[in-house]
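Fancy a few warm-up exercises on a protein structure? Grab a pencil, try each task yourself, and then read the solution.

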Amino acid sequence: MVDELSGIDLNGYSLSGALKRSLRELPPYAALEDVGFLAAELGISHDSVIKVDGNENPYGPTNETVRAIQSLREINIHRYGDADQRRLRSAIAGHLSVEFDSIICGNGSDELIDLMFRLFINPGDNIVISSPTFGMYSFDASLHGAKVVDVPLLDDWQFDEAGLMKAAHDAKLVFIPSPNNPTGNTIPVHLVRKLLETGAVIVIDEAYIEFSKESSLAAEVKNIPNLVVLRTFSKWGGLAGLRIGYGIMHPELASICLQAKQPYNISVVAEAAALAALSDSATLDSQAEIISTERDRMSVEIAKTEWMSPWPSDASFILFHLDGISGLGLRDRLRLQGIFTRYIAHPRLENHLRISVATPEENDRIIGAIREIEPE
Ligand code: PMP
């Protein structure tokens, strides 16, 4: 059989020539490094690592969630799940006090970001971002042949209202994380309202809203057909590795998403875990409260070094401005002690480092390690 296929002459076949144009130069996306591999490379034990590069919930899944995942017989992993995601959508609707038919779940909110491109973007269409911001919007834009119109954040990381309004008028999609990753600030509601009036689809990515003093816009979607709110179980819910996010949007758009998504995009294990997390949301809310308090404590403690200044943050991480040491330099120094932080390769962030808030004990170790460092 194999012999019959050998010796085929394709006469200079070019795979890159066959790929669609937008994929001939694969766009970069700097994913998180795998901690196991990194620890092995540095010769330190996996257990001693403090992982503060991915903004995950440092407490991990709740006991209730672990029990649910262990009940494999009840989960029926040998069967396909419910393509209509009824149990989970209904539990999320109850959790947020929104309509069931305005919810759609995705394999991480990353999948829903990609879905927005698949639904709204023809090659050449504009999308708007305000950099520095979450990298997935530009990454997906390259895959789908969209043009990224960047309206950079102002010097204090606030949104450029006039610039955004102008760009949104010619765009299909506007992506605004609120709080923004990596700067930690939120978008004022009056600006969201003005952006909605342009008619572009405005995606407010609330991955970190549980750590913010601002309220979610989830309840607003029922009267606003071009507002999409994205949320995730990766940060608050302690389930980043299970990949589960959700969107809240006008029911008409949610029903199109339901039709267009991959049918079984949520694994039955992820569904069981997310349901358990929601049933124990009080525990997760109290963890979020501790994380927010710790964030403020870390900001104050680390600011005492004088060479590291925190930007105000409404999220579960802090962006620090550095004096006398580069972001990469400090990241590498902390790595040697098993503290894995996030350097973001962006021209305006060369002297910055993002640190996720961990448990109080881990935060103490981070603060201690930073105090030992003397920049040049
Ligand atoms: N949005 C923002 C702003 C994020 O920072 C992240 C994760 N870093 C995501 C979305 C993706 O979340 P998920 O794990 O649900 O795909």
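Below are three exercises on this predicted model, each with a worked solution.

**Exercise 1: the ligand**

Task: Work out which residues come nearest to the ligand, and which atoms lie at short distances from its oxygen atoms.

Solution:
- Start with the shell. There are 13 residues around the ligand, and those that come nearest are Ser109, Asp205, Tyr208, Thr232 and Ser234.
- Sort the shell by class, and you get four nonpolar, five polar and four charged residues.
- Now look for polar atoms. Ser234 places a polar side-chain atom 2.6 Å from an oxygen atom of the ligand.
- Tyr208 also uses its side chain: an N or O atom there is 2.7 Å from a ligand oxygen.
- With Asp110, look at the backbone, where an N or O atom lies 3.0 Å from an oxygen atom of the ligand.
- Finish with the cover. On its own the ligand has 400 Å² of accessible area, and the protein covers 92% of that.

**Exercise 2: two helices**

Task: Find how helix H7 and helix H11 pack against each other, and which residues meet there.

Solution:
- Locate the pair: H7 spans residues 109-120, and H11 spans residues 251-260.
- Check the geometry. The axes are 11 Å apart and the packing angle is about 100 degrees.
- Angles of 65 to 115 degrees count as roughly perpendicular, so H7 is roughly perpendicular to H11.
- List the residues that meet: H7 brings Leu115, Met116, Arg118, Leu119 and Phe120, while H11 brings Leu253, Ile256, Cys257 and Ala260.
- Sort this contact by class: eight residues are nonpolar, none are polar and one is charged.

**Exercise 3: unusual backbone spots**

Task: Say where the cis peptide bonds before Pro132 and Pro179 sit, and where Arg243 with its positive phi is found.

Solution:
- Begin with the background: most peptide bonds are trans, and most residues other than glycine have a negative phi.
- Ser131 and Pro132 are joined by a cis peptide bond with omega about 0 degrees. Pro132 lies in the loop between strand E3 and helix H8.
- From Ser178 to Pro179 the bond is cis too, with omega near 0 degrees. You'll find Pro179 in the loop between strand E5 and helix H10.
- Arg243 is not glycine, yet has a phi near 60 degrees. Look for Arg243 in the loop between strands E7 and E8.

Key:
Residues are numbered from 1 along each chain as its sequence is written. This is a predicted model: local features need pLDDT of at least 70, side-chain atom pairs count only at pLDDT 80 or more; totals for chains, interfaces and linings use all residues. Side-chain values use heavy atoms; hydrogens and water are left out. A residue is near a molecule or strand if one of its heavy atoms lies within 4 Å of it. A polar contact is a pair of N or O atoms within 3.5 Å; within protein, one must be able to donate a hydrogen and the other to accept it, and residues adjacent in sequence count only if both atoms are side-chain atoms. Accessible areas come from the Shrake-Rupley method with a 1.4 Å probe; for residues, only the protein chains shown count as cover. Ala, Val, Leu, Ile, Met, Phe, Trp, Tyr, Cys and Pro count as nonpolar, Asp, Glu, Lys and Arg as charged, and the others, Gly among them, as polar. Axes are lines fitted to C-alpha atoms, for helices over the stretch in contact, and angles run from 0 to 180 degrees between N-to-C directions. Helices (H or I, at least four residues) and strands (E, at least two) are DSSP runs, numbered from the N terminus. Angles under 35 degrees count as roughly parallel, over 145 as roughly antiparallel, 65 to 115 as roughly perpendicular and the rest as oblique. Contact means heavy atoms within 4.5 Å.
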